[in-house]
Protein chains: 2
Amino acid sequence: MTKKYKRLPKHIGIIPDGNRRWAERQGLAKEEGYQHGIDPGFALYELCLELGIPELTFYGFTQDNTKRPAAQKAAFQKACVNAVNLLANRDASLLVVGNDKSPQFPEELKPYTTRQVFGRDLIKINFLVNYGWKWDLQNCLNQSNTNGNLLNSIASREISRIDLIIRWGGRRRLSGFLPVQSIYADFYVVDELWPDFQPQHFYDALKWYEEQDITLGG
Amino acid sequence: MTKKYKRLPKHIGIIPDGNRRWAERQGLAKEEGYQHGIDPGFALYELCLELGIPELTFYGFTQDNTKRPAAQKAAFQKACVNAVNLLANRDASLLVVGNDKSPQFPEELKPYTTRQVFGRDLIKINFLVNYGWKWDLQNCLNQSNTNGNLLNSIASREISRIDLIIRWGGRRRLSGFLPVQSIYADFYVVDELWPDFQPQHFYDALKWYEEQDITLGG
């Protein structure tokens, strides 16, 4: 069922939080939650295709996250690799952004650090993998010639401004998610945990978004 | 009445939004709203003193805001000057952060671009005045020697990490408010407009905050 909206976001950021809490509530080990976060991602991808959303960015994992226990780290790395590999069979152009000079960055994802186009290229998908906000911003300090332009010299410069951020799992914070692109984003929080994703969460976020005024700080 | 809290934020960011909408609802010209935003600021200052909150940052006005009609611009500039002058009679140390090289920056506030200590110095108060997130971050590109450290080279480097951001006026977005310091901040939105400030809004925000887990992205 395609819903009608007066105004849709051009770029949506997704913070798929709550995988570990979900696993615990199911009586599973924390790290077992991540694999249950892959299907929701594809469900959301399909909804975005259906609505014609042009760009979608997923918060995979961060440099902060890699300080977690080894079993969890291995599990979220694997979930990111699986998600990207599965998307490579679809109709998206894929970009992975994160510190790929670190051993925490999965080797399998290196080909995606430049955007790869698959199938009919119907949507841009960005994955943040071993991403760090400080790593992202500090990149401008390592450039020999920035022309004084910060936006062109951050590490995530190929990711566009975000209109709407949806965070699952109830936390009301950005946790380092693309600080520059999130400056003017409207921020919607779903209390349910990410593995419990329902299309209605997404529709509710879009309904809320279309009622927001867009001022870009003006 | 002093409320008891298990855990209080050390630094609170305040986005006092809704002055113009409030004025319109009162049948006033939009620009008349700003002067009604000063008393709420002092009420909040008193509550923070009472609770021993060490640092408070107010979103005064931004470079984006100065594109608004001249009467509005004059009104919010004046409200910021009045607020700072009134605070100078209290027990706070005051810092104004914003682009003071621009004619939009009120002359009267220039002495405060280095921190000024008043009275018993019971709390740090920061005011963002003619602030711009791009101006803030791009400052690092103008430094000859940053030692590769972004945090020490942004224009707002004297303002510490923020624990809790409270925004009045119902909008769920940061609108360029200190992107670096807001990275891990918990974000609480009050639907009421800023001139309708009530202490209970603040107490509710603190009650909510003490239930949040603090992970700093980990």
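Leu151(A) is in contact with Arg157(A), Val180(A), Trp133(B), Lys134(B) and Gln138(B), once its neighbours within four places in sequence are left aside. That list has residues of both chains in it, so let us use it as a way into this predicted model. The predictor gives the complex an ipTM of 0.95 and a pTM of 0.96. For chain A, the average pLDDT is 94, and 96% of the residues score at least 70.

**Leu151(A) and its surroundings**

- You can find Leu151(A) in the loop between H4 and S6 of chain A.
- Is Leu151(A) buried, exposed or partly exposed? Leu151(A) counts as partly exposed, because its relative accessibility is 29%.
- Cys140(A) is eleven residues away from Leu151(A) in sequence, and their C-alpha atoms are 8.6 Å apart in space.

**Ser156(A), in the loop between H4 and S6**

- Ser156(A) sits in the loop between helix H4 (133-138) and strand S6 (164-168) of chain A.
- With a relative accessibility of 1%, Ser156(A) counts as buried, since buried means under 20%.
- Which residues does Ser156(A) contact, leaving aside neighbours within four places in sequence? They are Val97(A), Asp136(A), Leu178(A) and Gln181(A).
- Pro179(A) is 23 residues from Ser156(A) along the sequence, while the two C-alpha atoms are 10 Å apart in space.

**How the two chains are related**

- Try turning chain B in your mind: a rotation of 180 degrees, with 0.0 Å of shift along its axis, superposes chain B on chain A with an RMSD of 0.0 Å.
- The two copies are therefore related as by a two-fold rotation axis.
- The same surface serves both copies, as 100% of the contact residues of chain B recur in chain A.
- Which residue of chain B comes closest to the rotation axis? Pro179(B) does, with its C-alpha at 3.0 Å.

**Asp64(B), a residue that touches chain A**

- Look for Asp64(B) in the loop between strand S2 (55-62) and H3 of chain B.
- Asp64(B) has a relative accessible area of 16%, so Asp64(B) is buried.
- Not counting residues up to four places away in sequence, Asp64(B) touches Tyr184(A), Leu216(A), Gly217(A) and Gly218(A).

**Helices H2 and H3 in chain A**

- Two packed helices are described by the angle between their axes and the distance between the axes.
- In chain A, the axes of helix H2 (residues 38-51) and helix H3 (residues 70-87) come within 10 Å and cross at roughly 35 degrees.
- The crossing of H2(A) and H3(A) is right-handed.
- On the H2(A) side, Ile38(A), Phe42(A) and Tyr45(A) take part; on the H3(A) side they meet Ala79(A), Asn82(A), Ala83(A), Leu86(A) and Leu87(A).
- Sorted by class, this contact of H2(A) with H3(A) has seven nonpolar residues, one polar residue and no charged residues.

**Helices H2 and H3 in chain B**

- Within chain B, helix H2 (residues 38-51) and helix H3 (residues 70-87) have axes that come within 10 Å and cross at roughly 35 degrees.
- H2(B) and H3(B) make a right-handed crossing.
- Here Ile38(B), Phe42(B) and Tyr45(B) of H2(B) meet Ala79(B), Asn82(B), Ala83(B), Leu86(B) and Leu87(B) of H3(B).
- How many nonpolar residues does the contact of H2(B) with H3(B) have? There are seven, along with one polar and no charged residues.

**Asp39(B), a residue of H2**

- Asp39(B) belongs to helix H2 of chain B.
- A relative accessibility of 63% makes Asp39(B) exposed, because exposed means over 50%.
- Although Asp39(B) and Phe197(B) are 158 residues apart along the chain, their C-alpha atoms are separated by 9.1 Å.

**Two residues with a positive phi**

- Asp121(A) is a residue other than glycine, and its phi has a positive value near 50 degrees.
- Asp121(A) lies in the loop between strand S4 (116-117) and strand S5 (123-131) of chain A, and at 37% relative accessibility Asp121(A) counts as partly exposed.
- Asn130(B) is not a glycine either, yet has a positive phi of about 50 degrees.
- Where is Asn130(B) found? Asn130(B) is in strand S5 (residues 123-131) of chain B.
- Asn130(B) is buried, with a relative accessible area of 1%.

Methods:
Residues numbered from 1 in each chain as written. Chains lettered and ligands numbered in written order. Predicted model: local features only at pLDDT ≥ 70, side-chain atom pairs only at ≥ 80, totals over all residues. Heavy atoms only, no water. Least-squares fit on C-alpha atoms with pLDDT ≥ 70 in both. Contact = heavy atoms within 4.5 Å. Helix = DSSP H or I, 4+ residues; strand = E, 2+ residues; numbered from the N terminus. Buried < 20%, exposed > 50% of the residue type's maximum accessible area, 1.4 Å probe, protein only. Axes fitted to C-alpha atoms, helices over the stretch in contact; angles between N-to-C directions. Left-handed = near helix turned anticlockwise from the far one by under 90°. Nonpolar A, V, L, I, M, F, W, Y, C, P; charged D, E, K, R; others polar. pLDDT = per-residue confidence, 0-100.
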